[in-house]
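Visitor: I would be grateful for a close look at a single part of this model, namely one sheet, followed by an account of its surroundings. Please proceed step by step.

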Amino acid sequence: MTWSLWLAQIQAVVRLEMKKTFFSRRGFWVYLLALAPVLVFAGRAFDLARNRQYLQEVADGHSVSTVALESIHTGMTRQEVEEKLGEPYSRRVFEGRRNSRSWLSYTDGTSTYVFVFDGDELRGITVRDRGNFQDDSLIYATFFQFFYLRLLIFFGCVGIFVNLFRGEMANKSLHFYLLAPMRREVLVAGKFLAGLIAATVIFCTSTALQLWMFAIPFGSAATFEKLHAASYIGVTALACLGYGAVFLAAGLLAVNPMLPVAGVLLWEGANLFLPAALKKISIIFYLQSLCPVLAPPEKDMNPLLALLISSAEPTRAPLAIAGLLAVTALILVWAGFRARKLEISYSSD
Amino acid sequence: MSQVSPPPIEQSLITFDNVSRFYGEVLGVNRVTLSIPPGITSLVGPNGSGKTTLMNLMTALVRPTRGSISILGISPDEPENLFQILGYSTQFDAFPKGLTGFQFLYSFLRLFGKTHAECEKLAWKAIERVNLVEAAHRKVAGYSKGMRQRIKLAQAIAHDPRVLVLDEPLNGLDPLVRAETIALFRQLGNEGRHVIVSSHILHEVDMISDQVILLSNGYVVAEGKISGVRSEISEHPMQVLIRCDKPAALAAKVFEQDSVVEARLHADGGGLLVKTRDADRFYKLLNHIALNGIEIETVAPADDNVNSVYEYLIGEESSK
């Protein structure tokens with residue numbers, strides 16, 4: 001009887017909250033956060049398609065085989081290169097007082113080869129291989145772990161979960177919930193569930209759309225399995241769960257929740273540089289452990305900062321999931337306990 | 001609303017036992033000890049006297065710094081039990097956004113775990129009781145102040161509670177609705193419910209209250225039935241208005257009694273206002289006089305009302 005009553009009350013809270021979390025003007029920016037990376041990947045897909053079409057057109061006019069391009073090596077003269085490959089589709093020359101420099105560009109229809117000459121001698125070869133699935137998967141993994149999880153989902157969850165209690169305090173309407181014959185813990189559970197549904201729907205949809213946009217340029221090569229779509233969507237949902245619990249508690253307990261939010265942001269941001277033992281007291285560590293493609297954090301990083309990185313063995317997936325669920329449950333139980341002491345003093349808030 | 005059967009005596013009172021509440025350095029209420037029986041009880045006091053704090057303490061919207069509270073045997077720390085028997089219409093004039101009057105009540109009732117059909121039935125019943133049927137499907141945000149007061153009242157009574165706590169429920173109501181609402185309070189009080197009303201409109205409090213609690217600066221300065229409270233204010237002689245055929249003769253007679261401190265003839269020559277320190281003795285004297293040739297038409301206490309009691313107990317204090 002009690003459980004069925006609690007369930008009915010949770011449903012009632014979720015029903016009331018749903019409209020607010022999905023359609024509140026205050027939360028509109030959360031949609032922008034979720035939409036932004038989709039637009040970025042859509043733009044990238046469009047740009048790649050256009051680039052490929054351009055290279056194909058160039059290749060049709062200046063046909064060069066990949067084998068011929070690969071046979072060129074530094075030290076060759078410009079004449080030798082041009083004899084072997086023919087007329088480049090792009091030639092740029094810089095004439096200085098003492099020496100001249102030139103760039104000859106060729107394509108096989110997929111990649112661009114730029115040969116750099118100092119005077120007459122080939123000094124460097126740059127291969128621009130845009131749209132390589134392996135490389136781009138790593139780029140996506142880096143984006144997902146260092147930008148999407150740490151910033152977009154993080155702040156999206158701030159927008160959704162902090163307002164569950166603090167927003168109602170600001171609107172002076174929280175007391176209606178407190179005047180119902182409902183355990184405060186049930187209220188916390190209902191509100192969390194409502195926030196979780198909203199955050200999961202918004203951000204998991206965003207992840208799915210990002211992956212779809214990411215996959216478009218690769219056609220059939222980028223299958224659901226190769227994209228690790230299920231894993232990425234699962235990690236997104238777990239991020240909403242973990243950060244959601246943290247920010248619901250912040251909104252419930254702190255008069256100015258932005259202070260704990262800033263604290264969590266700093267802690268999660270510093271996670272990379274924390275000792276292995278401290279790394280594990282964070283949400284991001286477990287989320288990264290669950291990511292299907294591990295992004296090397298030191299790549300493109302200032303060498304001095306890279307020195308500060310401490311590595312910790314990623315936790316095994318079942319343990320990471322169980323850890324996240326346990327942390328979430330612990331925070332919610334604590335929030336429920338504190339909610340029992342919750343007072344309404346709108347003026348002081 | 002159904003008639004409530006009388007509960008056991010220990011569960012029929014709202015009690016405050018040495019309750020204090022401080023907001024940091026600021027005093028909300030201090031050392032309040034009260035037993036509130038069924039009927040209409042009015043909380044009276046100037047702004048900041050602690051009326052709303054007392055109501056919020058009853059409903060666990062704020063917690064006592066010390067002391068304990070019991071609502072018909074239930075602690076405010078058990079909201080799951082308390083709000084089955086208590087409805088509170090707060091002073092906060094804000095509502096969940098985007099809801100119509102009906103949706104507001106319906107969704108509130110759903111929080112009780114009731115079924116869709118039950119909630120619909122109870123919501124409409126409450127809406128009918130506060131005469132808001134025509135506006136039920138309009139957004140609460142578009143309601144007038146009076147309509148918002150009524151929908152809050154509907155929310156408080158919708159689940160048929162035994163205890164109603166109403167913070168300034170008559171604010172913003174037009175005279176007709178005000179009269180209807182007072183009649184509703186009377187009906188609820190007569191059904192044996194606790195109806196606790198705060199108001200600063202003293203003549204209305206006088207009309208509706210079975211008992212009053214007078215608050216000043218966070219302290220309870222008096223409680224009980226108005227007449228009882230009045231009789232305990234010894235420093236102010238009781239005023240009695242008498243209509244009779246020979247007021248001058250009556251004045252001479254009443255001055256024979258030591259306790260009479262003043263007697264003033266009415267301008268129309270048809271009555272007398274007497275101030276006495278011993279009302280019981282004075283009424284006995286009047287009986288005697290009535291038997292001795294002076295025809296007395298009416299005898300009525302002139303300051304046996306909330307207004308006078310408030311003036312004596314709080315008005316003077318605040319003017320000190």
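Guide: Two strands are said to pair if DSSP finds at least two bridges between them. In this predicted model, strand 1 (residues 14–23) of chain B meets that criterion with strand 2 of chain B, since the two are joined in the antiparallel sense over 7 bridges. One residue pair can be singled out: Phe22(B) has Leu27(B), in strand 2 of chain B, as its bridge partner.

These strands belong to an open sheet of 3 strands in chain B, whose order is 2-1-4 and whose pairing is antiparallel. Strand 2 (26–36) and strand 4 (66–71) of chain B form the edges, each pairing on one side only. On average, neighbouring strands of this sheet are turned by 20° against each other, direction ignored. As a general matter, the strands of a sheet pair through backbone hydrogen bonds, in either a parallel or an antiparallel manner.

The sheet's chain may next be placed in its wider setting. Chain B is divided into domain 1 (9–230) and domain 2 (237–302). The centres of domain 1 and domain 2 of chain B, taken over C-alpha atoms, are separated by 42 Å. A residue pair gives a further distance: Tyr219(B) and Val240(B) are 21 residues apart in sequence, and their C-alpha atoms are 30 Å apart in space. Tyr219(B) lies in strand 9 (residues 219–224) of chain B, and this residue counts as partly exposed because it has 16 C-beta neighbours inside 10 Å.

Chain B also touches chain A, in a contact that takes 23 residues from chain B and 24 residues from chain A. On the side of chain B, the elements that give two or more residues are helix 2 (79–85) and helix 3 (101–110) of chain B. Helix 2 of chain B supplies the largest share, 5 residues. By character, this side of chain B divides into 12 nonpolar, 7 polar and 4 charged residues.

The nonpolar cores complete the picture. The largest has 143 residues, and those touching the most other members are Ile153(A), Cys157(A), Phe247(A), Leu105(B), Ala123(B) and Ala154(B). Beyond its neighbours within four places in sequence, Phe247(A) is in contact with Cys157(A), Val158(A), Phe161(A), Val162(A) and Val261(A). Another core, of 12 residues, lies apart from the largest one and includes Met238(B), Ile242(B), Cys244(B) and Val274(B). In soluble globular proteins, nonpolar side chains tend to be buried together.

Technical notes:
Residues are numbered from 1 along each chain as its sequence is written. Chains are lettered from A and ligands numbered from 1 in the order in which they are written. This is a predicted model: local features need pLDDT of at least 70, side-chain atom pairs count only at pLDDT 80 or more; totals for chains, interfaces and linings use all residues. Helices (H or I, at least four residues) and strands (E, at least two) are DSSP runs, numbered from the N terminus. Axes are lines fitted to C-alpha atoms, for helices over the stretch in contact, and angles run from 0 to 180 degrees between N-to-C directions. A nonpolar core is a set of buried Ala, Val, Leu, Ile, Met, Phe, Trp, Tyr and Cys residues joined through C-beta atoms within 7 Å. A residue is buried if 20 or more other C-beta atoms lie within 10 Å of its own, exposed if 12 or fewer, and partly exposed in between; C-beta atoms are placed from the backbone. Two residues are in contact if their C-beta atoms, placed from the backbone, lie within 7 Å. Ala, Val, Leu, Ile, Met, Phe, Trp, Tyr, Cys and Pro count as nonpolar, Asp, Glu, Lys and Arg as charged, and the others, Gly among them, as polar. Domain bounds come from an automatic or database domain assignment.
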